[in-house]
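Let's take a walk through this structure together. Have a look at the picture first, and then we'll go through a few spots one by one.

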Amino acid sequence: MARNYIDGGVTFKRHGFVTVDMIAADGTVTEELEPRRLFPVNDMDNYISLLDADGKEHGIIRSLSSLDEDSRKLLCDILEEYYIVPKITEVIEVYEKGSVNRWTVMTDHGLCSFQIRARYTDIKILPNGRILIRDTNDNRYEIPDVTKLNKHSMHELNSQI
């Protein structure tokens, strides 16, 4: 099956909460497409799949930067709504409770507590000081830049990585 790569030449309009209509240069409209990142962790602005309600792919945007400003902003907003990943700004406490580690953190969405099972598989150290943490409910949390954490947070985090 040949893939339809999109490198500009289309615009997008919001259709629903997380769906868009794609308007081609010739005026053809494809309605109710859901944008989904093919690489949601390490390449968030490239390779965005456009799926209909049946899961059929109608195209892949190679790079959001190839779109006009309004379409790019719309897709970024929708993707942020779909992929809510709280950003950890402070690690308040981490303690072991049986076979899990319980974390209490401050995020950009407020105070949060969660548990992780295995620090070696549930904490991913990524390039540029990013850390991604997966809890026991499969929720994700991100530390965008570990160097911006305070001293106490670094001490708590270092006990886990």
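Start at the hairpin that β11 and β12 make: five residues sit between the two strands, and aspartate 138 there takes a positive phi near 70°. Keep in mind as you look around that this is a predicted model. On either side of that turn, the strands themselves cover residues 131-134 for β11 and residues 140-143 for β12. How do they run, and how many bridges join them? They run antiparallel, with four bridges joining β11 to β12. If you'd like one pair of residues to look for, try leucine 132, which stands opposite glutamate 142 in β12.

Next, move along to helix α3, which spans residues 151-158 and holds histidine 152. Is histidine 152 buried, exposed or partly exposed? With a relative accessible area of 39%, histidine 152 counts as partly exposed, because that value falls between the 20% and 50% cut-offs. Setting aside neighbours within four places in sequence, you'll find histidine 152 in contact with Val91 and Ile92. For a sense of distance, try leucine 33: 119 residues separate it from histidine 152 along the chain, and their C-alpha atoms are 45 Å apart.

Last stop, the cysteines. Cysteine 76 has a relative accessible area of 25%, so it is partly exposed. Cysteine 112, on the other hand, is buried, because its relative accessible area of 18% is under 20%. And how many disulfides are there? Counting pairs of cysteine sulfur atoms within 2.5 Å, the total comes to zero.

Key. Residues are numbered from 1 along each chain as its sequence is written. This is a predicted model: local features need pLDDT of at least 70, side-chain atom pairs count only at pLDDT 80 or more; totals for chains, interfaces and linings use all residues. Side-chain values use heavy atoms; hydrogens and water are left out. Buried means under 20% relative accessible area, exposed over 50%, partly exposed in between (1.4 Å probe, protein chains only). Contact means heavy atoms within 4.5 Å. Two strands pair if DSSP finds at least two bridges between them.
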